[in-house]
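Please examine the model shown below before reading on. The report then turns from the overall fold to one helix pair and two residues.

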Amino acid sequence: MEWFSMLAAAVLFAAACNFDTVILAMGWAVRGVRPSPAHTLVIGGLTTLITWLSLVLGEGAAATLGRGFAGALGGLVLAGIGLWFVLDWLRGLGETGQEDTPAAGKSLLGWVALAAALAVNNAGVGVAAGASGVGPVLASLANFILTLAALPLGRVLADKVAGRLLGRFALPLSGLLLIALGVWQVLGG
């Protein structure tokens, strides 16, 4: 049962971290941009590396602070970040403007910069998740797999009603997943 709990936490974490990747891929699809397999691996690899580093940093903080205290603190921070996402989405409900989708890189360095920008979102959440007890290796593996799946999923959803709904509700869905993960970690996962 412990293994299932660790896997579920890793998948929830990775899903929350990859909603923005799906939305980005949807925006690219509308513009006719299709990342090559190499570019997809750059995005998946770099976001996963930064995610892993942040999870390890959080795990180190937990070792320093004590697993119980750090786990509760990390879970509270995860839930707080999730609540912030939901409140940010609620605050923006009256706004009609759409966020611009970042342009795809024209060179390998451009794709690396784009992957780094995606990874910034994962970094803060990763530290909190690592402190709360989410395992770096399993969560990073889940992140890599879900990132590779998010890019083609975004292309497929770009012109579908489900894609428009996901685009509209990605932030609160990600927030709700982080709240659930945070509460789960506080309660002892």
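What follows describes the chain as a whole, then a helix contact, then two buried residues.

This is a predicted model, in which local features need pLDDT of at least 70 and side-chain atom pairs count only at pLDDT 80 or more, while totals for chains, interfaces and linings use all residues. Residues are numbered from 1 along each chain as its sequence is written, and side-chain values use heavy atoms, with hydrogens and water left out.

**Overall fold**

The chain holds 6 helices and 0 strands, where helices (H or I, at least four residues) and strands (E, at least two) are DSSP runs numbered from the N terminus; read along the sequence, the pattern is α-α-α-α-α-α. Of the 189 residues, 40% count as buried, a term that stands for under 20% relative accessible area with a 1.4 Å probe, protein chains only. Among contacts with a separation of 6 or more, 93% come from residues 24 or more positions apart, contact meaning heavy atoms within 4.5 Å.

**Helix 1 and helix 4**

The axes of helix 1 (residues 2-31) and helix 4 (residues 108-132), which are lines fitted to C-alpha atoms over the stretch in contact, come within 9 Å and cross at roughly 155°, the angle running from 0 to 180 degrees between N-to-C directions. Helix 1 is therefore roughly antiparallel to helix 4, a label given to angles over 145 degrees. Helix 1 contributes F13, C17, D20, T21, L24 and W28 to the contact, and helix 4 contributes W111, L114, L118, N121, N122, V125, G126 and A129. These residues divide into 9 nonpolar, 4 polar and 1 charged, with Ala, Val, Leu, Ile, Met, Phe, Trp, Tyr, Cys and Pro taken as nonpolar, Asp, Glu, Lys and Arg as charged, and the others, Gly among them, as polar.

**T47 and N122**

T47 is found in helix 2 (residues 37-65), whereas N122 lies in helix 4. The table sets out their accessibility and the partner of each side chain.

| Residue | Relative accessibility | Side-chain partner and distance |
|---|---|---|
| T47 | 3% | backbone oxygen of I43, 2.8 Å |
| N122 | 3% | side chain of N143, 3.3 Å |

The pair between N122 and N143 is a polar contact, that is, N or O atoms within 3.5 Å, one able to donate a hydrogen and the other to accept it, with residues adjacent in sequence counting only if both atoms are side-chain atoms. Leaving aside neighbours up to four places away in sequence, T47 touches A115, L118, A119, N122, N143 and T147. On the corresponding basis, N122 is in contact with C17, T47, T51, S54 and N143.

Conventions
Buried < 20%, exposed > 50% of the residue type's maximum accessible area, 1.4 Å probe, protein only. Parallel < 35°, antiparallel > 145°, perpendicular 65-115°, else oblique.
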